[in-house]
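Hi everyone, thanks for coming. Let's take a look at this one together, and please follow along on your own screens.

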Amino acid sequence: MASNSSAAVSPDTLCIDQPDDWHLHFRDGDMLAMTVPATARVFKRAIVMPNLAPPVTTVAQAEAYRQRILANVPAGTDFEPLMALYLTQDTTAQDVREAANNPNIIGYKLYPAGATTNSSAGVRAVDAMGPVFEAMEELGVPLLVHGEVTEPEIDIFDREKVFIDRYLAPITERYGRLKVVLEHITTKDAVDFVADAHDLVAATLTPQHILMNRNDLLVGGVHVHNYCLPVLKRRSHQEALQQAAISGNAKFFLGTDSAPHVQAKKETACGCAGCFSAFTAIELYAEAFSQLGALDKLEGFASHFGADFYGRPRNTQKINLQRVGWQAPETVSHGGETWVPYWAGKQLQWQVVG
Ligand code: DOR
Ligand code: ZN
């Protein structure tokens with residue numbers, strides 16, 4: 001199939017439209033001075049997840065959080081945070097109306113209660129959210145989904161598939177005009193579901209789920225910095241994700257899920273879930289697409305499809321990458337704390353040069 005990409009690819013340089021990150025975690029407070037510049041270095045926009053403690057449930061909270069983020073954008077850098085609100089069992093259709101009227105709010109994030117970091121205030125009974133989903137459908141407010149069930153009897157490697165079968169398939173069938181993004185997909189089941197669903201159903205893909213599988217988590221020891229949720233799956237699922245990413249199908253686009261936890265909270269008996277990828281994000285995707293011989297497909301995935309899905313303009317600036325060969329940082333430090341980023345100390349082929 002011919003590529004309709006405008007990207008300029010030579011063996012050693014790559015110039016693409018500026019990308020956006022359609023899913024990440026900035027956290028709050030002092031950390032914003034580290035996380036916001038790391039992302040604004042490359043991305044024009046990012047959807048900022050609301051799983052703070054306490055969660056960002058109201059438009060007023062999101063606006064205040066947005067201002068704190070903007071205060072940490074480096075001078076001269078053009079960066080636009082897009083805020084996701086945290087859906088709770090108590091969210092009402094009136095709340096949705098208020099969210100729909102604010103251009104800085106991109107949608108609602110559904111965390112099944114207990115599924116992941118700071119999700120305890122999430123949704124306990126998805127089936128009871130009908131009036132909220134109806135309002136979102138009517139008002140064009142997208143639903144962003146952490147797609148995992150939390151029932152303890154369901155095996156952790158099956159949680160995404162069971163969520164799709166039990167909850168997501170019925171939602172997308174019932175609310176045919178509701179925009180749904182299945183976030184950080186990890187299985188062939190999710191790829192197939194999204195590909196076959198109606199046009200307003202899309203998915204984000206993280207670098208770690210494209211580049212790794214569960215062997216990278218568990219063979220030769222527990223590799224805590226590769227632990228995230230949904231957890232890495234077997235190789236055949238990884239391969240399905242890779243094929244989706246490079247397919248040119250506009251339903252699949254970039255969302256890093258960059259999720260910092262300090263070193264001490266990763267390297268401990270009960271380590272936190274999350275891969276902190278912001279410092280090398282686009283380079284990690286370039287690595288993956290390059291390994292798959294599909295660098296010409298990177299621009300659509302990273303810079304076009306998400307904007308098109310959310311009805312936002314494509315970016316007009318460009319970024320340049322060069323094939324130089326470099327080593328990802330072993331650690332990053334800020335305010336007396338240390339983080340071990342995803343891919344720490346490993347080689348990367350591509351680097352952003354401007
Ligand atoms: O690995 C993850 N980390 N998955 C999530 O869903 C949440 C995130 C976090 O906030 O740490
Ligand atoms: Zn996330």
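Find Gly 140, just after α4: its phi is positive, at about 70°. Do keep in mind, as we go, that this is a predicted model.

Now step back into α4 itself, which runs over 130–139. Which residues are buried there? Gly 130, Val 132, Phe 133, Ala 135, Met 136 and Glu 137 are. And what covers them? The cover includes two helices, α3 (93–100) and α5 (159–174), along with the strands β6 and β7 (143–145).

Next, follow the chain back into the loop between β6 (105–110) and α4, where you'll find Ser 119. Is Ser 119 buried or exposed? It is buried, because its relative accessible area is 1%, and the cut-off for buried is under 20%. Leaving aside residues up to four places away in sequence, Ser 119 touches Tyr 86, Tyr 111, Pro 112, Ala 113 and Gly 114.

Let's finish with ligand 1. There are 14 residues around it, and those that come nearest are Arg 27, Asn 51, Thr 116, Leu 229 and His 261. Thr 116 has a side-chain N or O atom 3.0 Å from an oxygen atom of the ligand. For Thr 117, a polar side-chain atom also lies 3.0 Å from a ligand oxygen. With Gly 274 the backbone takes part: one of its N or O atoms is 3.3 Å from an oxygen of ligand 1. How much of the ligand does the protein cover? Of the 290 Å² of accessible area that ligand 1 has on its own, 100% is covered. The space that ligand 1 takes up is the largest cavity.

Definitions and conventions:
Residues are numbered from 1 along each chain as its sequence is written. Chains are lettered from A and ligands numbered from 1 in the order in which they are written. This is a predicted model: local features need pLDDT of at least 70, side-chain atom pairs count only at pLDDT 80 or more; totals for chains, interfaces and linings use all residues. Side-chain values use heavy atoms; hydrogens and water are left out. Helices (H or I, at least four residues) and strands (E, at least two) are DSSP runs, numbered from the N terminus. Buried means under 20% relative accessible area, exposed over 50%, partly exposed in between (1.4 Å probe, protein chains only). Contact means heavy atoms within 4.5 Å. A residue is near a molecule or strand if one of its heavy atoms lies within 4 Å of it. A polar contact is a pair of N or O atoms within 3.5 Å; within protein, one must be able to donate a hydrogen and the other to accept it, and residues adjacent in sequence count only if both atoms are side-chain atoms. Accessible areas come from the Shrake-Rupley method with a 1.4 Å probe; for residues, only the protein chains shown count as cover. On a 1 Å grid over the protein atoms alone, a cavity is a set of points where a 1.4 Å probe fits but cannot get out, and a pocket is an open set with protein on both sides within 12 Å along at least five of seven lines; lining residues have an atom within 4 Å of a point. A molecule sits in a cavity or pocket if more than half of its atoms lie within 2 Å of its grid points.
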